[in-house]
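Reader: Here is a structure I would like to go through term by term. I will ask what each label rests on.

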Amino acid sequence: MVAIPQSTFKIQHAFIPPLIAFILAVGSWEVLVRGLGIPLYLLPAPSQVVATFLERPAYLLGIGVATFSNALVGSLIGCSLGCLVAAVCVRWPLVADGLVPLAVAASAVPIIALSPLLGIWLGSISPASKVAVVVVMTFFPTLVNVYRGLISPRADTLMLMHSYAASQRDIFLKLRTPAALPFLFNALRICATLSMIGAVVAEFFGGPQNALGVYIKTEAGILHTSEAWSAILVACLFGLLFYLAIVLVERRALRWK
Amino acid sequence: MSAPMIEFDRVSKIYQSGGGPVNALHDVSLSIAAGEFIALIGPSGCGKSTLMRLVGDLEQPSAGGLRVRGKTAHQARLDRDYGIVFQSPVLYEWRSIRKNVELPLEIMGQPGPQRHARASELLRLVGLSDFGDAYPHQLSGGMQQRAAIARALSFEPAILLMDEPFGALDEITRERMQLELLSIWDGGPQRTTVIFVTHSIPEAVFLADRVVVMSPRPGRVERLVTVDLPRPRSFETREDPRFFALVTEVREGLREH
Amino acid sequence: MAEKPLPSLQRITPAAPASATPGASLRAAVRRSLPVAGVIVTLLIAWEASKLAFGISDQRLPHLGAIIEVMFTRTQGGTGNILLAQMLLNAWSTFQVALGGFLLGGMLGFGLAVLFMQLPMLERGLMPYVIGSQTVPILAIAPMVVVGLGRMGAPSWAAKITVAAYLTFFPVTIGMLRGLRAASPMSLDLMRSYAASPAQIFWRLRLPNSLPYLFTSLKVAASASVIGAIVAELPAGAREGVGMMILNAAQSYNSRPPALYVAILAASLVGVTFYGMVALAERLIVGSQRTNGG
């Protein structure tokens, strides 16, 4: 069928312009930094960042894994809790009336402000306090999004279930849950980027020696800018991988879209 | 004849709204026999949909008595005595067409193989055998509505409630669907009792055994027109002089109030 | 099988239009805020109760009263302002930075969206990086941006605003672009039937049509810009702002725990106020008939 060549054509279409833009962007960054003679401590050229990364890739990836695992565990806990509370909100509307407006407000609160406090409670060196920051960061967007998804079925779709005299359980499992899936994945995509940022920034307020945030802060503090940027590169990499993993799962789960 | 399938006894329905109470139905009495095809017709706001929804226990009467198969409408719903088709197909977009048809059977706890067989049978009946694995958005409006009819019939309910099911279709598709509906209805071992809400006079006359002409403010039954056209009805029925006479009679009934 | 009518069904089927008397709308507002107040009170009680039940020390979790008390003590060994006043001053300073970043980032995001709408090729090339830029833990770079720009001689507020703006533009671009594209083909055909110019189509159709989308993303951007402003205040040397307040309070936590809670309160205050202002603007501009689901 014609469908296959067409789709490969589309893939080329989707990848080539970004590729060109990438080369242009990195190239002009390189040229600008070298051409204008911007001092290294201010902004290193991409080639310098990569070179610095290649000096000790294993170490950088290692501390990347340490920070990323905080992000992963934290978002797992935060998102699960968010889903759970959203389900409770649907079951007891009074809880929703009280909680959902607060959750909306809470997503306007800069959660990073909590990280020193969580450090004091759970130990600023321990990963637990970093995980806790990510949990709080991911909990509220998940709660708000999933709740909206669970109440998204229109009146007539509910009416249909009503006409079958379906139980609350059936309505929840066969109607609300699938209807909420796109909303859940929306939340997960937000959380994927948020959690990596949260885990890194939480480490700014202190953390174990081998962690991205601590490394970035220390190196930037002594103007080892290239080192700091190579760590940022690693953070980017993990953030992007996390995001892509979610998108892949989403493609599979929402095949009906 | 035996006891009526559905019996309205001086039923009224009053909605409370900001502008004061609205008399949606006033003192409606109507008796529908088993296997009868009833069309409800009238201008917007005459309460024809309300009348249908009372049978489905989707709304409750404000006054008067309503018996469905000798029971309360509530009990009839719990006993899964009726299937319903709305103006929009209300298919669950995350389920394949086959899975949509199986939905009520799933809720009623039928085992998988039995569901599968029944769904295949119904898909053949409505001419969607090749589309069982398709998702709703891949089908045309007419095909979606066929799937909705198959879903309503899947558990062989005694009553079929149809709320302007062909209202969103074009005239050509619509006339074809009317014929198909009749052949499905005629084809079974036992005729289902149908309540069919419509805006179209020819549609009401073509389909029904009796047309209930309603008028608004307050909603009440204006006239009952018995359609004595022979069955099975066909394309030629629409060219029968008797058909035109009945259409005229219904039209006059609508003009009266 | 015992079954009651679906609560959610009743919640979704259109309710009777509320009567317009001021008393009724006031009563509705009270009814809406009552559960929220209930949750807040529950949380505060849980705070004190958990102190009692688990014997959590004042060092870890101070009494609510202690937090209020510390707000009214003078800073700098009794010579400075009371802490509450200082907290508000710092909050105001952060708010200004966030607002500046919000405006700058908002305009940038808006401009990018309009540009992308006009030049799809540009969008295809740049959009992945606009999205990718968000996976960069920009907050990780923030201190460096501040330090770097500072060394180049830029005033400190410029650096902070840059960080806040960076966090702001992305949601605005995405939301605005989606909004600009949301005009239905039929309404576009209608405009073409009037031989409307592209500018007229933009101002009379696409822009008004995109407002609900714009405000949804502006609300996200509001919180993002506050986060940006606070993080930009973290590098050593900041003399004012909520970020500085948090750092100082965290460092002197052992001697005065409640101060950190006051700092967190200040951060929440800025975030929620900013969000609330955008939500209010949405209510006024887009109108109450289109704000569904907040």
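Reader: Which residue just after helix 5 of chain A takes a positive phi?
Author: A:Gly123 does, with a phi of about 95 degrees. Helices (H or I, at least four residues) and strands (E, at least two) are DSSP runs, numbered from the N terminus. This is a predicted model: local features need pLDDT of at least 70, side-chain atom pairs count only at pLDDT 80 or more, and totals for chains, interfaces and linings use all residues. Residues are numbered from 1 along each chain as its sequence is written, while chains are lettered from A and ligands numbered from 1 in the order in which they are written.

Reader: Why is helix 5 of chain A called largely enclosed by the rest of the structure?
Author: A residue is buried if 20 or more other C-beta atoms lie within 10 Å of its own, exposed if 12 or fewer, and partly exposed in between, with C-beta atoms placed from the backbone. Six of the eight residues of helix 5 (residues 115-122) are buried, so the helix is largely enclosed. The buried ones are A:Ser115, A:Pro116, A:Leu117, A:Leu118, A:Gly119 and A:Ile120.

Reader: What do the buried residues of helix 5 of chain A pack against?
Author: In chain A they pack against helix 6 (127-150) and helix 8 (168-204), and in chain C against helix 10 (242-251) and helix 11 (258-286). A contact requires two C-beta atoms, placed from the backbone, within 7 Å.

Reader: How many residues does helix 11 of chain C have, and what span is expected?
Author: Helix 11 of chain C has 29 residues. The expected span is 1.5 Å times one less than the number of residues. That gives 42 Å, and the helix reaches 41 Å from its first C-alpha to its last, close to the expected value. Just after this helix, C:Gly287 takes a positive phi of about 90 degrees.

Reader: What makes helix 3 of chain A oblique to helix 9 of chain A?
Author: The axes of helix 3 (residues 57-91) and helix 9 (residues 212-221) of chain A come within 8 Å and cross at roughly 125 degrees. Axes are lines fitted to C-alpha atoms, for helices over the stretch in contact, and angles run from 0 to 180 degrees between N-to-C directions. Angles under 35 degrees count as roughly parallel, over 145 as roughly antiparallel, 65 to 115 as roughly perpendicular and the rest as oblique. The crossing therefore makes helix 3 of chain A oblique to helix 9 of chain A.

Reader: Which residues meet there?
Author: A:Ile63, A:Gly64 and A:Thr67 of helix 3 meet A:Leu212, A:Gly213 and A:Tyr215 of helix 9. By class, this contact has three nonpolar, three polar and no charged residues. Ala, Val, Leu, Ile, Met, Phe, Trp, Tyr, Cys and Pro count as nonpolar, Asp, Glu, Lys and Arg as charged, and the others, Gly among them, as polar.

Reader: What is the strand order of the open sheet in chain B, and which are its edge strands?
Author: The three strands have the order 2-1-4, with antiparallel pairing. Strand 2 (20-32) and strand 4 (63-68) of chain B are the edges, as each pairs on one side only. Pairing requires at least two DSSP bridges between two strands. Five bridges join strand 1 (residues 6-17) of chain B to strand 4 of chain B, and B:Asp9 has B:Gly65 as its bridge partner in strand 4.

Reader: How many residues of chain B are in contact with chain A?
Author: 16 residues of chain B are in contact with 12 residues of chain A. The chain B side divides into 11 nonpolar, two polar and three charged residues.
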